[in-house]
4 protein chains.
Amino acid sequence: MDIVSAADLSKYAVEPGWSFGLPFVTRWSEVDPFGHASHRTHLVWCEEVRNAYFASLGHPIVGPDAAGPVLKEVGFTYEQPLAVGDEVLVTGRVAWVRRTSLQMEYAVWGRALAGRGHATCIWIVNATGERLRVPDALRCQMVERDSAKDLEASSE
Amino acid sequence: MDIVSAADLSKYAVEPGWSFGLPFVTRWSEVDPFGHASHRTHLVWCEEVRNAYFASLGHPIVGPDAAGPVLKEVGFTYEQPLAVGDEVLVTGRVAWVRRTSLQMEYAVWGRALAGRGHATCIWIVNATGERLRVPDALRCQMVERDSAKDLEASSE
Amino acid sequence: MDIVSAADLSKYAVEPGWSFGLPFVTRWSEVDPFGHASHRTHLVWCEEVRNAYFASLGHPIVGPDAAGPVLKEVGFTYEQPLAVGDEVLVTGRVAWVRRTSLQMEYAVWGRALAGRGHATCIWIVNATGERLRVPDALRCQMVERDSAKDLEASSE
Amino acid sequence: MDIVSAADLSKYAVEPGWSFGLPFVTRWSEVDPFGHASHRTHLVWCEEVRNAYFASLGHPIVGPDAAGPVLKEVGFTYEQPLAVGDEVLVTGRVAWVRRTSLQMEYAVWGRALAGRGHATCIWIVNATGERLRVPDALRCQMVERDSAKDLEASSE
């Protein structure tokens, strides 16, 4: 269901290479005094796409005692401002997987490309901080869905 | 007032090179279901430090018709989780200034370094999108306060 | 489009008397450390429903120089907690209209009724604070859509 | 420490009857496109005051397995808009205590009274939903600090 339809990919003029995403509408509470979606808004949307992405591959957020992706680093580049009521499609994909980490990329598509972001996640048991190997089955799914680079041989 | 006191720099074991910052306390509404300050929290703190920094140099946010710094890109790397009630000092400084852009760096200091971030800003009239030269007086102040690199000769 | 379909009214077991609403999914960033949608979440949803309601009657938010509904008072009673990922339908209707004010009521429907709220709004030009009569055409639409009580003869 | 000083009570022209509070500064991210602190902002401040109030009486938030105050109902009436950078003092007190519930009142003091709110809380073990009697010692403290009405004999 979160796999984006061809109709949506076309409606938002999404460039090739994205197959997963969620739609959002810019809320009044997400817009700053200058009338533009706040910089935090895009990151919250990316967070929803991230959680939905892993859930779609059988790894929903379970709880702090189960291993899962935890944010190590985020970044976002803003291209076009968004106004209240603007509809967007936020796409997400995995760029690479290492032994215990991975990177997701995001793009926010409105009337034009509104921006691009990324998040580096560590596969970790939240409650203990124990860093674990990204599960093999999940790794394969990400490589298959997104042609993600498998860099397991390299550092953590 | 926003110039951090020696006592605070010492209390938070801030590394040399930071002189400006604001204190924050992690709010209940800023903590996620795993009990950690959400990734957006650090970025909101950095935003407050950014606004206070420019205000302290005589450039408060005036309105969409006046030129000022607008976010082009942000990033943050998380080092240690923060819990509700945790006190932090968020320091900010300018790393470099080009003709029409500049980069601020941030660090969040709790019991240990909680993370580091940055924001690249364009000097722009929000309402028109007109990109302007960073004012000379401001440029000098940033170079003086933070030993910021003046890269005006280089690209935008 | 924001008029709720019979299918949705049925899916969420909405009680009679509601015809307008918007669907939401509880976000990770809206959930508190105990795993429940924060109290502010319901109010943000109600805000979106309020704006959509007025837009659907030809009164979108235009700007601070145009007259429109401004919050005077809000309230919400929580009945059942919501967890991350929970889908809800948030319905809104006008309970009464006076000369320069009106009250909206809201209900949040999840697996069960998650809560009810209300907002009292004043019809005002934001920039000047000038309090104006609720437009006649709008008044009629609200009375017709929601059987709202028209209390114009009474106080402000 | 959260007991408001006479100097602050005087600075904000707080009416008699309030002795507990916290200072806040209106953030850029808390201000809406019309330049006013969003309605949710006041409620988030009240939440911080509520948590600090109970912590000051020896009942910090511990976790979902310990009994504590959980929101049943909130309300807020807005009197004066707040702008970015506006400093406020948010005061809180307990109005009444019943067997398993209590009501807190809040006021937001800026250059003038910005608004008043309240929250009705149930004393509950979050994880199980078990409703418990408000602890006697805490009840006495609230009655003593705020002249709160003790309505234990009445309904829940």
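Contact here means heavy atoms within 4.5 Å. I settled on that before opening the B/A pair, and I kept in mind that this is a predicted model.

**Entry 1: chains A and B, the interface**

I began with the contact count. On that cut-off, 21 residues of chain B are in contact with 21 residues of chain A. Next I asked which residues of chain B supply the most area. F34(B), H39(B) and K72(B) turn out to provide 32% of what chain B buries against chain A, more than any other three residues.

Then I looked up the area itself. The size of an interface is often given as the accessible area lost when the parts come together. For chain B and chain A, about 1900 Å² is buried between them, and 63% of that is on carbon and sulfur atoms.

**Entry 2: chains A and B, polar links**

How many salt bridges are there between chain B and chain A? I get two salt bridges. One of the pairs I pulled up is E79(A) with K72(B), a salt bridge whose closest N and O atoms are 3.1 Å apart. K72(B) had already turned up in my notes as one of the three residues that supply 32% of the buried area on the chain B side.

I also counted polar contacts. There are ten residue pairs in polar contact between chain B and chain A, both residues being at pLDDT 80 or more.

Which elements give two or more residues to the side of chain B that touches chain A? They are α2 (39–56) and β2 (67–78) of chain B. β2(B) gives the most, with eight residues. I sorted that side of chain B by class as well, and found nine nonpolar, six polar and six charged residues.

**Entry 3: chains A and B, symmetry**

I superposed the copies. A turn of 180 degrees with a shift of 0.0 Å along the axis lays chain B on chain A, with an RMSD of 0.0 Å. I then looked for the residue of chain B that comes closest to the rotation axis, and it is G75(B), with its C-alpha at 2.0 Å.

Do the copies meet through the same surface or through different ones? The same surface, because 100% of the interface residues of chain B are also interface residues in chain A.

**Entry 4: chains C and D**

I ran the superposition for the other pair. Chain C goes onto chain D by a rotation of 180 degrees with 0.0 Å of shift along the axis, at an RMSD of 0.0 Å. The two copies are thus related as by a two-fold rotation axis. In chain C, G75(C) comes closest to that axis, at 2.0 Å for its C-alpha. I checked the surfaces too: 100% of the interface residues of chain C are also interface residues in chain D, so these copies meet through the same surface.

**Entry 5: backbone oddities in loops**

I went through phi values next. S147(B) is not a glycine, yet its phi is positive, about 55 degrees. I placed S147(B) in the loop between α3 (136–146) and β7 (149–150) of chain B. Is S147(B) buried or exposed? With a relative accessible area of 62%, S147(B) is exposed.

In chain D, I noted S147(D) in the loop between α3 (136–146) and β7 (149–150). S147(D) is exposed, at 62% relative accessible area. S147(D) and V94(D) are 53 residues apart in sequence, and I get 8.1 Å between them in space, C-alpha to C-alpha.

Last, A13(D). Its phi is near 50 degrees, a positive value in a residue other than glycine. A13(D) is in the loop between α1 (6–11) and β1 (21–25) of chain D. A13(D) is exposed as well, with a relative accessible area of 57%.

Notes:
Residues are numbered from 1 along each chain as its sequence is written. Chains are lettered from A and ligands numbered from 1 in the order in which they are written. This is a predicted model: local features need pLDDT of at least 70, side-chain atom pairs count only at pLDDT 80 or more; totals for chains, interfaces and linings use all residues. Side-chain values use heavy atoms; hydrogens and water are left out. Copies are superposed by least squares on the C-alpha atoms of residues with pLDDT of at least 70 in both. Helices (H or I, at least four residues) and strands (E, at least two) are DSSP runs, numbered from the N terminus. Buried means under 20% relative accessible area, exposed over 50%, partly exposed in between (1.4 Å probe, protein chains only). Buried area is the accessible area (1.4 Å probe) that two parts lose on being put together, summed over both. A salt bridge is a side-chain nitrogen of Lys or Arg within 4 Å of a carboxyl oxygen of Asp or Glu. A polar contact is a pair of N or O atoms within 3.5 Å; within protein, one must be able to donate a hydrogen and the other to accept it, and residues adjacent in sequence count only if both atoms are side-chain atoms. Ala, Val, Leu, Ile, Met, Phe, Trp, Tyr, Cys and Pro count as nonpolar, Asp, Glu, Lys and Arg as charged, and the others, Gly among them, as polar.
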